[in-house]
Each structure stands twice: as C-alpha cells, then as structure tokens.
Amino acid sequence: MNIIKLEEMLKQFFNEDIGDGDLSSEFIFSTEQQGSFSFYAKENGIFCGVPIIEHGFLLLDRSMDITLLKKDGDEVHEGDIIAVINGSLQKLLIGERVILNLVQRMSAIATATNLAVRETIGTNAKICDTRKTIPGLRMLDKYAVRIGGAYNHRNGLYDSIMLKDNHIAFAGSIAQAVQAARAKIGHTVKIEVEIETKAQLDEAIAAGADIIMFDNRSPEEIRQWLPAVPPHIATEASGGITLHNLNSYAKTGIQWISLGALTHSVKAFDISALVQTKGAKSLVHH
C-alpha cells in the first residue's frame, strides 16, 4: 500500500469529520487526560486494517502507543481483541469513528473475499475484483481484496483496455474496436473483450484479444464455449455470480472470476471499541 497516499487520504477524512474541532471531546476532556481503546471483533471473519490503525492514530498524535494483536489476513472470532491504543483521550475519541469506519469496511471486504476464494478450492479459477469500488476508497478496497486472498483486476481505466458492449457498439464491431486499440497501445498493455454470444467469442478470438470475458453467461454456456479459446488467451467470467453459484462457475475451467459484490455491497464488519480512562474501574462500551 502507498503509505504517502494513505496518509493524505486519512488527513482528508479527518478534516471532513473534525472541521474546526471536536466540540464533544475538547470541551469535556483536558489535553493531558490519558485513556485506552481496545478494538474488538463482534463477529467472525477476516481482519483487515492494520495500516489504518497505525497511521490514523499516529497522524493525530505521534506519541500514541499502539499494540496490534492481529495482523491483516488473520481470522478473528467474536470477542477477540484486535488492537489496544493508549494515549490522549481527546485524540482517541477524535480518531475513533473515521478509523473504525474504514477498518470495518476493509474487514468486510476481506471476509467476503475469503468466502469467495473458498468456493474455488479444487479448481484452477482465481477470484478478482472490479472497478465497482467506493470513489476515493479504491486503494483501500483493493488492498482488502488482496488480504482476503484474491487478486485485483485493473486498478482503473489507465492500466489496461477493456472493451465492453458500448465500446464495441460505438466502434462498429469487436474487430474494429480491437484493431483501433491495438494500433495505438504499447506492447505491455493488454486488451480484454466482453462477449455475450458464441459469434462474439469467435470474433474476439479472430481479432486477437488477450483476455475474453464471458459476461452474464451460464456455467453450461461457458463450459461449452471454452474449448474454442486458444490457450494463450486468458478467460474470465463475470455477471450474475454469487456465493451460491460461484463453485459451478469455478468448475467450468474458467481462469478468472470477477465479482463486483466484493466491494460494492458489503455490510460493515462489526468491530467496536472499549474505552477505559486511567484509573477507571470498568470498561465502557463506546
């Protein structure tokens, strides 16, 4: 992960939340008052968010003492302590929500990804993500996918060519679209073509596509069409694939399965914070 970019992102997120200052924390607690946070899991899954906890709290106060009891990719169970942070009570409370929001989302993505990867065991299929990420959070979303055991598709429009139905329609045909792109790109850039029919598959092969995506095709269709694809062309399935049918797609012989659901519709992983002020006799849910 690009730490410089991460810290710039965190500064923006903190500025959005803090504004001119945290009225609640700053009006109630002194700058000298110390406290402790314990982040703990309230469900089972895969933890992801070490860089957020480390860099987030230290951006607010370099003297924070952070103890991480879990690393990214670790399985966590309900009740497990993930991290303990000691320092200024003001800064702990100021940073809590932004940091928890990000860690909960990243852990949810890592957990969903891990479940998807498990469905491919015993096959040659690999899981990858899509560009269906939250704007501004793509670096974190894609990092969480890797932590969950899967792979990243293209990071953006800039690192590979993907010809979808609208590109093909405007260009006139798959052959014309591939030819126009191939004439202008360097040798390191790959061209992926989305197909929905057997005729389009044949055209994409003849046009020299590097990757062919079977879009919204059934496992039966993919299994029937795959033998036509030369071994030097990578194959990908996408569209309408869920945890319930993922294994059926993996068993077709497809090489890649891309899932937008890994990032566009996850539910936040349940992580909470226990707060303890110095000298307090009990922990309080916060």
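Trainee: What does the accessible surface of the chain come to, and what share of it belongs to carbon and sulfur atoms?
Mentor: Bearing in mind that this is a predicted model, the accessible surface of the chain comes to about 14300 Å², and 52% of that belongs to carbon and sulfur atoms. Along its principal axes, the C-alpha trace spans about 75 × 40 × 25 Å.

Trainee: And how many of the residues count as buried, as a percentage?
Mentor: The chain has 286 residues, of which 47% count as buried. Among the contacts with a separation of 6 or more, 68% are between residues 24 or more positions apart.

Trainee: How many helices and strands are there?
Mentor: The secondary structure comes to eleven helices and 13 strands.

Trainee: Which residues touch the most other members of the largest nonpolar core?
Mentor: That core holds 77 residues, and the ones touching the most other members are Phe39, Val193, Phe214 and Ile257. Helix H4, which covers residues 89-118, gives the most to this core, with 14 residues.

Trainee: Take Phe214, then; what is it in contact with?
Mentor: Once its neighbours within four places in sequence are left aside, phenylalanine 214 has contacts that include Ile195, Leu201, Ile222, Trp225, Leu226, Val229 and Ile254. The list also includes Thr235, Glu236, Ala237 and Ser238.

Trainee: Switching to helix H3, why is it described as largely enclosed?
Mentor: Helix H3 runs over residues 50-60, and because eight of its eleven residues are buried, it is largely enclosed by the rest of the structure. The buried ones are Val50, Pro51, Ile52, Ile53, His55, Gly56, Phe57 and Leu60.

Trainee: What covers them?
Mentor: The cover for the buried residues of H3 includes helix H1 (3-18), helix H5 (138-147) and H4, together with strands E1 (34-41), E3 (65-68) and E5 (81-88).

Trainee: Histidine 55 is in that helix, so why does it count as buried?
Mentor: Histidine 55 counts as buried because its relative accessibility is 19%, and the cut-off for buried is under 20%. Leaving out residues up to four places away in sequence, histidine 55 touches Ile3, Leu6, Glu7 and Leu10.

Trainee: What about Leu6 from the other side, which residues does it touch?
Mentor: Leucine 6 is found in helix H1 and is buried, with a relative accessible area of 1%. Not counting residues up to four places away in sequence, leucine 6 touches Met1, Pro51, Ile52, His55, Met139 and Leu140. From C-alpha to C-alpha, leucine 6 and isoleucine 52 are 8.1 Å apart in space, although 46 residues separate them in sequence.

Trainee: Is isoleucine 28 buried or exposed?
Mentor: Isoleucine 28, which lies in helix H2 (residues 23-28), counts as exposed at 59% relative accessibility. Its C-alpha atom is separated by 8.8 Å from that of glutamine 90, which is 62 residues apart from isoleucine 28 along the chain.

Trainee: Different topic: how many disulfides does the count come to?
Mentor: The count comes to zero disulfides. The cysteine sulfur closest to that of cysteine 48 is in cysteine 128, and at 18 Å it is too far for a bond, given that a disulfide needs the two sulfur atoms within 2.5 Å. Cysteine 48 is buried, with a relative accessible area of 0%, and cysteine 128 also counts as buried, at 3%.

Trainee: Last one, on charge: how many positive and negative side chains are there?
Mentor: There are 28 positive and 34 negative side chains, and the centres of the two sets lie 4 Å apart.

Technical notes. Residues are numbered from 1 along each chain as its sequence is written. This is a predicted model: local features need pLDDT of at least 70, side-chain atom pairs count only at pLDDT 80 or more; totals for chains, interfaces and linings use all residues. Side-chain values use heavy atoms; hydrogens and water are left out. Buried means under 20% relative accessible area, exposed over 50%, partly exposed in between (1.4 Å probe, protein chains only). Helices (H or I, at least four residues) and strands (E, at least two) are DSSP runs, numbered from the N terminus. Contact means heavy atoms within 4.5 Å. Accessible areas come from the Shrake-Rupley method with a 1.4 Å probe; for residues, only the protein chains shown count as cover. Lys and Arg count as positive and Asp and Glu as negative; His and the chain ends are not counted. The place of a charge is taken as NZ of Lys, CZ of Arg, CG of Asp or CD of Glu. A nonpolar core is a set of buried Ala, Val, Leu, Ile, Met, Phe, Trp, Tyr and Cys residues joined through side-chain atoms within 4.5 Å.
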